[in-house]
Amino acid sequence: MVVVRPFKAIRPEATLADKVAELPYDVVDSAEARALAQDNPYSYFHIDKAEIDLPQSISPYDEAVYQKAAANLADFLQKGWLEKDGQENYYLYQLTMDGRSQTGLVACTSIDDYAEGKIKKHEHTRHEKEIDRMNHIRSCDANTSPIFLSYRENQTTQQLIRNWQDTHEAIYDFTSYHNVHHKVWVLDDTAVIKQLEEAFSSLDALYIADGHHRTESAVKVGLEKRQEQTNSAESDSFLSILFPEDELLIKEYNRVLDVEIPSDFFEQLQENFEVEETTEKSPSAPAEMMMYLAGSWYNLKVKENNIPTDPVGKLDVSLLQNLLIAPIFDIQDVRSDKRIDFVGGIHGPQKLEELVDSQNGTVAFSMYPTKMRDLLQVADAKEIMPPKSTWFEPKLLSGLFLHDLETK
């Protein structure tokens with residue numbers, strides 16, 4: 001039902017993988033990327049965030065940035081820092097963090113499967129962010145960052161992948177940001193490739209875990225090339241890494257508000273929540289959140305009759321928004337309202353205390369994380385999650401795999 005095909009990856013020369021690989025372009029800003037790439041000519045930020053090689057005053061969306069990205073990619077290839085494989089392979093990418101591992105199949109997926117709803121989404125995208133990645137793809141004529149996809153547990157695919165890992169040496173093996181251990185294998189046996197293709201073709205759907213803007217951009221560029229009749233088999237697909245849903249971890253996405261606290265705040269809270277002061281800082285169950293205010297933590301437990309049954313409404317981020325943030329503070333559009341900020345769970349509740357205590361916020365909420373089963377239910381229902389519902393860890397590094405679109 002879905003197409004998952006091998007491809008000729010552009011990837012780092014083996015001894016440079018740890019120096020090339022970087023965090024995704026959308027989790028660091030230009031200043032952070034510039035600092036991280038300082039004194040590292042191999043850093044993938046020179047391609048993925050090429051503004052770091054131009055004057056600091058330049059907009060990251062300036063045409064010169066995309067042209068610089070293309071020039072740097074050509075330079076990396078010319079110097080042999082990146083090399084294109086001579087045959088179509090699959091690749092395995094394992095990430096291990098805090099003792100738990102997840103292994104993804106690096107492959108190409110079909111723009112037609114996305115258009116037909118076989119690759120399911122759970123987020124809206126913003127036009128300006130799509131345009132940025134479309135310009136980057138056009139300039140480099142490559143998918144420069146992978147899409148993070150998931151699929152429902154499939155014993156055949158997972159057994160084939162485990163067998164390959166157990167019987168072959170990894171080509172990359174290094175530790176990077178947040179002490180995450182990264183390993184990559186080349187899966188180049190034509191018989192096993194065929195078995196994996198057939199196993200994935202039996203799946204009804206794939207699911208976008210992270211990378212909605214990259215997906216939309218890759219698909220739109222592919223369709224654009226079709227219309228211009230410059231397309232190839234490569235531009236009809238896009239770079240993805242597919243993980244079984246049971247191996248993935250979603251961490252909480254916490255909220256910090258910079259608002260005026262009403263005098264009857266706790267009375268308003270008690271309309272929808274059971275409120276109790278606590279020493280705990282992280283919730284232990286759904287429909288429960290911790291609030292940090294004026295140096296104290298409070299457990300807010302949603303009253304049972306306020307919990308809807310629909311897949312979006314029952315999410316903890318929806319409950320907080322609909323029962324507290326919107327009605328009490330009149331924050332309706334969390335994408336644009338400057339009074340709300342979001343803190344990924346990798347930073348822990350201590351970051352919330354720091355922001356409130358330093359008066360960079362008034363009140364903070366430590367959330368119970370969204371589960372993969374919730375994400376799949378929302379996507380299957382063709383619904384959309386609220387913004388900032390999921391924070392996946394560990395992050396897939398960029399620069400380990402690129403996909404040449406081979407435009408005619």
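**View 1. Surroundings of aspartate 85 in the predicted model.** Aspartate 85 touches Lys8, Ala9, Arg11 and Tyr91, with residues up to four places away in sequence not counted. The residue belongs to the loop that lies between strand 3 and strand 4 (90-97). Its relative accessible area is 15%, under the 20% limit, so aspartate 85 is classed as buried. Two polar contacts of the aspartate 85 side chain are shown. One, of 2.5 Å, is made with the side chain of tyrosine 91; another, of 2.9 Å, is made with the side chain of arginine 11. Tyrosine 292, which is 207 residues from aspartate 85 along the chain, lies outside this view, with 52 Å between the two C-alpha atoms.

**View 2. Arginine 11 and its contacts.** Arginine 11 is located in strand 2. With a relative accessible area of 16%, arginine 11 is buried. Apart from neighbours within four places in sequence, its contacts are Trp81, Leu82, Glu83, Asp85, Tyr91, Ile171, Tyr172, Val186 and Leu400. One of these, glutamate 83, is also the bridge partner of arginine 11 in strand 3. The side chain of arginine 11 is joined to that of aspartate 85 by the 2.9 Å polar contact.

**View 3. The open sheet of four strands.** The strand order is 3-2-21-7, and the pairing is antiparallel. Strand 3 (82-84) and strand 7 (142-143) form the edges; each has a single partner strand, so one side of each has no neighbour in the sheet. Helix 4 (residues 63-79) packs on this sheet, where it touches strand 2, strand 3 and strand 21 (402-404), and its direction makes about 80° with that of strand 3. Strand 2 (residues 9-12) runs antiparallel to strand 3, and three bridges join the two. Within strand 3, glutamate 83 is the bridge partner of arginine 11, and leucine 82 is that of proline 12. Strand 2 also pairs with strand 21 in the antiparallel sense, over two bridges. There, isoleucine 10 has leucine 402 of strand 21 as its bridge partner.

**View 4. The open sheet of six strands.** This sheet has antiparallel pairing and the order 15-17-16-19-14-18. Its edges are strand 15 (273-278) and strand 18 (340-344); because each has a single partner strand, one side of each is left without a neighbour in the sheet. From one strand to the next, the twist averages 25°. Six bridges pair strand 15 with strand 17 (residues 296-302) in the antiparallel sense. The bridge partner of phenylalanine 273 in strand 17 is valine 302. Helix 10 (residues 265-272) packs on the sheet and touches strand 15, strand 16 (288-293) and strand 17; the direction of helix 10 makes about 125° with that of strand 15.

**View 5. Helix 12 across the sheet of six strands.** Helix 12 (residues 349-357) lies across strand 14 (253-257), strand 16, strand 17, strand 18 and strand 19 (363-366), and runs at about 175° to strand 19. Pro349, Leu352, Glu353, Leu355 and Val356 are the buried residues of helix 12. They cover an arc of only 165° around the axis and therefore lie on the same side of helix 12. An α-helix has 3.6 residues a turn, so residues three or four places apart point the same way. The cover over the buried residues of helix 12 includes strand 14, strand 16, strand 17, strand 18 and strand 19. Gln350 and Asp357 are exposed and are carried on the face of helix 12 turned away from its buried side. Glutamine 359, which follows helix 12, has a positive phi, near 65°.

**View 6. Cysteine 108 and cysteine 140.** The count of disulfides is zero. Cysteine 108 takes part in no disulfide, and the nearest cysteine sulfur, belonging to cysteine 140, is 16 Å away. With a relative accessibility of 0%, cysteine 108 counts as buried. Cysteine 140 is likewise in no disulfide; the nearest cysteine sulfur to it is that of cysteine 108, at 16 Å. Cysteine 140 also counts as buried, at 9% relative accessibility.

Technical notes: Residues numbered from 1 in each chain as written. Predicted model: local features only at pLDDT ≥ 70, side-chain atom pairs only at ≥ 80, totals over all residues. Heavy atoms only, no water. Pairing = 2+ DSSP bridges. Contact = heavy atoms within 4.5 Å. Axes fitted to C-alpha atoms, helices over the stretch in contact; angles between N-to-C directions. Buried < 20%, exposed > 50% of the residue type's maximum accessible area, 1.4 Å probe, protein only. Polar contact = N/O pair within 3.5 Å; in protein donor to acceptor, adjacent residues only side chain to side chain. Disulfide = S-S within 2.5 Å. Arc of directions from axis to C-beta.
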